[in-house]
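Visitor: I should like to learn how to read a structure that is new to me. Where might we begin?

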Amino acid sequence: MATINDLGLDSVTKNSYYDPSQNRDVRLISDMTYPCHIKSVKVNEVAVKGKYRAKVFNPVLEIDKECSNMSYQDDNGNEVSGSSFVGRTLYGKGVFLFLEPEEGDKFESNPGGNAGYFAFCESIGIDCPTIEIDVDGEKKEVKQLPTLSEDDLVGRPLLGTVFTTTYKDRDGNEKSSLKVMKFEKWDAPKKDFDDIPF
């Protein structure tokens, strides 16, 4: 292979260079944690296993500029600058809030299924106070969960850990993608996504 010196000085472009830290084509690395803000969230109400109902929160996250101060190691053991990931969009695994049936509802209660939602609330800095309730004549201490809206969530900081997930496409072919499946608290300011220059 010819080197630059072999080609002669006339072939060297003085203004062009390659900076690996600026390479935006670097793939995200699985099993790693990225500082993010919630950019948007889609909320759907669904039936679960034919006997429960839940609101499912699917957050869309943006990797924060703070990531540029971090470094990661890829599958080949190479160090990758976190600046390669700043501004990238990540998709979170759905977070389920199981609903309590009211009079006339035909679905069952599943408060034990709300562990993921409780952890998600904690990761974005929302306090879930302990309250006492009466369940079939027995007093119990439980965590009170808020019903969050998109306005409550957008701009909130968190640490998102991505994992490789597999699925089958409509033709039955196995595919894989990276999803944020673990959310942790990150003490950073809220981000205003409405403040976009035009």
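**One side of a helix**

Guide: The buried residues of helix 2, which spans residues 115-123, are Tyr117, Phe120, Cys121 and Ser123. They lie on the same side of helix 2, because they cover an arc of only 160° around its axis. Please keep in mind that this is a predicted model.

Visitor: Against which elements do the buried residues of helix 2 pack?

Guide: They pack against strand 1, strand 2, strand 6 (95-98), helix 3 (150-153), strand 9 (157-168) and strand 10 (174-184). Helix 2 is followed by Gly125, whose phi is positive, near 80°.

Visitor: How many helices and strands does the chain have, and in what order do they run?

Guide: The chain has three helices and ten strands. Read from the N terminus, the order is α-β-β-β-β-β-β-α-β-β-α-β-β.

Visitor: How should I read the totals for the chain?

Guide: One may begin with burial, for which the cut-off is under 20% relative accessible area. By that standard, 29% of the 198 residues of the chain count as buried. The surface is the next total: the chain exposes about 13,600 Å², and carbon and sulfur atoms supply 46% of this area. As for contacts between residues at least 6 apart in sequence, 63% of them join residues at least 24 apart.

Visitor: Which residues of the largest nonpolar core touch the most other members?

Guide: A nonpolar core is read as a set of buried residues joined through their side chains. Here the largest such core has 29 residues, and Tyr34, Phe85 and Leu90 touch the most other members. At least two residues of this core come from each of strand 1, strand 2, strand 6, helix 2, strand 9 and strand 10. Strand 1 gives the largest share, four residues.

Visitor: How does one read a single residue in a strand? Let us take Val180: is it buried or exposed?

Guide: One asks where the residue lies, how much of it is accessible, and what it touches. Val180 lies in strand 10. Its relative accessibility is 0%, so Val180 counts as buried. Leaving out residues up to four places away in sequence, Val180 touches Leu61, Leu90, Tyr91, Gly92, Lys93, Gly160, Thr161 and Val162. One of these contacts, Tyr91, is 89 residues from Val180 in sequence, yet their C-alpha atoms are 6.1 Å apart in space.

Visitor: May we apply the same steps to Val60? In which strand is it placed?

Guide: Val60 is in strand 2. Its relative accessible area is 16%, so Val60 is buried, the cut-off being under 20%. Apart from neighbours within four places in sequence, Val60 is in contact with His37, Ile38, Lys39, Ser40, Thr89, Leu90 and Tyr91. Val60 and Val180 are 120 residues apart in sequence, with 9.3 Å between their C-alpha atoms.

Visitor: Lys175 is found in strand 10 as well as Val180. What is its relative accessible area?

Guide: The value for Lys175 is 38%, so this residue is partly exposed. Beyond its neighbours within four places in sequence, Lys175 is in contact with Thr165, Thr166, Tyr167 and Asp169. The C-alpha atoms of Lys175 and Thr165 are separated by 8.4 Å, the two residues being ten apart along the chain.

Visitor: Where does phi take a positive value in a residue other than glycine?

Guide: The backbone angle may be read together with the place of the residue in the chain. Lys49 has a phi near 55° and lies in the loop between strand 1 (32-48) and strand 2 (52-63). Lys49 counts as exposed, because its relative accessibility is 76%. A second case is Asp136, with phi near 50°, in the loop between strand 7 (130-135) and strand 8 (138-143). Asp136 also counts as exposed, because its relative accessibility is 80%.

Visitor: Finally, what is the volume of the largest pocket, and which residues are closest to its centre?

Guide: A pocket is read by its volume and by its lining. The largest pocket has a volume of about 540 Å³. It is lined by 19 residues, of which Glu100, Pro111, Asn114, Lys143 and Leu145 are the closest to the centre. Strand 6, helix 2, strand 7 and strand 8 are the elements that give two or more residues to this lining.

Terms used:
Residues are numbered from 1 along each chain as its sequence is written. This is a predicted model: local features need pLDDT of at least 70, side-chain atom pairs count only at pLDDT 80 or more; totals for chains, interfaces and linings use all residues. Side-chain values use heavy atoms; hydrogens and water are left out. Buried means under 20% relative accessible area, exposed over 50%, partly exposed in between (1.4 Å probe, protein chains only). Contact means heavy atoms within 4.5 Å. Accessible areas come from the Shrake-Rupley method with a 1.4 Å probe; for residues, only the protein chains shown count as cover. The arc is that of the directions from the helix axis to the C-beta atoms. A nonpolar core is a set of buried Ala, Val, Leu, Ile, Met, Phe, Trp, Tyr and Cys residues joined through side-chain atoms within 4.5 Å. On a 1 Å grid over the protein atoms alone, a cavity is a set of points where a 1.4 Å probe fits but cannot get out, and a pocket is an open set with protein on both sides within 12 Å along at least five of seven lines; lining residues have an atom within 4 Å of a point. Grid points are joined across faces, edges and corners, and a volume is the space filled by probe spheres set on the points.
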